Amino acid sequence: MEQEALKGNYEVITMKKLIAGNWKMNGTIEAAIELAESIENGLEKKPELQEKCDVLVCPPLLHLLPVSGSIEKIALGAQDCSQNDNGAFTGDVSTAMLKDIGAGYVILGHSERRQYHNETDELVAQKATKANEAGLITIICVGETESEREAGKEQDIVGAQLAASMPEGCTPENTVIAYEPVWAIGTGKTATAEDVAVMHAFIREKVGEGIRILYGGSMKPANAAELLATPNVDGGLIGGASLKAEDFLGIAQAA
Ligand code: PEP
């Protein structure tokens, strides 16, 4: 990281953008390997992309191992982990297991897990503690719903989520924050660059310098350049558009 300029009350640090694909629960092993290989080939052909950004893919759990065998330039992440150590926790996957298969990152507190699995901020913090202890970098997701934004409560919501979801000992080395307005995920609606700038400045004040803050929510090649050029946007967490190598690489290109 190198210090570029002083803006506002705090230093703005330039760092490589993190372009992270959240593949969610999609595809087959064959399709996952094909997608990973297409992204690898794309990066191979355009070395400048790797100078500008770190590229990460987070396949479904069962696809992590096969994908790990076909990537070198791309980092590997999981979409969730257990808050417990190995043991009698049927159906769960420990951070040690994720480390063992070569994962470097884990997404935590995605709004879909908060919504469909009733994950709370406290649980996210417990998982993040375990993940950091195992040497995984966490991507902690926060974001308001549409009605919360309409009520003007977005900063209260995101501030509270950050305070309760980030465990002790978060550093730029072990933590990434993803701001994902829930109403923008998978809907085609994107927050305006202005709204993103305001929220990311707010998050920056809360988390301090150095921690990467990603934007997520219907990012695609057509809107990526503007979003990724917004102050305090250090990369993107990308769902739908990460399932097509061309679109995902187009976003990396925009960075
Ligand atoms: C996500 O689920 O993290 C996400 C940002 O999805 P999409 O890009 O499809 O909105």
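Which residues are the closest to the ligand, and how many surround the ligand?

**View 1. The shell around the ligand in this predicted model.** Count 14 residues surrounding the ligand, with Lys-24, His-110, Glu-180, Gly-186 and Ser-218 as the closest. Sorted by class, that shell comes out as eight polar, four nonpolar and two charged residues.

**View 2. Polar contacts to ligand oxygen atoms from Lys-24, His-110 and Gly-186.** Two of these involve side chains: an N or O atom of the Lys-24 side chain sits 2.5 Å from a ligand oxygen, and one in the His-110 side chain is 2.8 Å from an oxygen of the ligand. Gly-186 joins in through its backbone, with an N or O atom 2.6 Å from a ligand oxygen. As for cover, the ligand on its own has 300 Å² of accessible area, and the protein covers 95% of that.

**View 3. Ile-39 in the largest nonpolar core.** This core has 57 residues, and Ile-39 is among those touching the most other members, along with Leu-98, Ile-177, Ile-203 and Tyr-215. Leaving aside residues up to four places away in sequence, Ile-39 touches Trp-23, Val-55, Val-57, Ile-74, Ala-245, Phe-248 and Leu-249. Another core, of twelve residues, lies apart from the largest one and includes Ile-139, Cys-141, Val-176 and Ala-178.

**View 4. Arg-204, a buried residue in helix α9.** Helix α9 runs over residues 193–207 and holds Arg-204. Arg-204 counts as buried because its relative accessibility is just 3%, and the cut-off for buried is under 20%. Follow its side chain and you get to the backbone oxygen of Ile-211, at 2.8 Å.

Terms used: Residues numbered from 1 in each chain as written. Predicted model: local features only at pLDDT ≥ 70, side-chain atom pairs only at ≥ 80, totals over all residues. Heavy atoms only, no water. Near = heavy atom within 4 Å. Polar contact = N/O pair within 3.5 Å; in protein donor to acceptor, adjacent residues only side chain to side chain. Areas by Shrake-Rupley, 256 points an atom, 1.4 Å probe, with all protein chains shown as cover. Nonpolar A, V, L, I, M, F, W, Y, C, P; charged D, E, K, R; others polar. Core = buried A, V, L, I, M, F, W, Y, C linked by side-chain atoms within 4.5 Å. Buried < 20%, exposed > 50% of the residue type's maximum accessible area, 1.4 Å probe, protein only. Contact = heavy atoms within 4.5 Å. Helix = DSSP H or I, 4+ residues; strand = E, 2+ residues; numbered from the N terminus.
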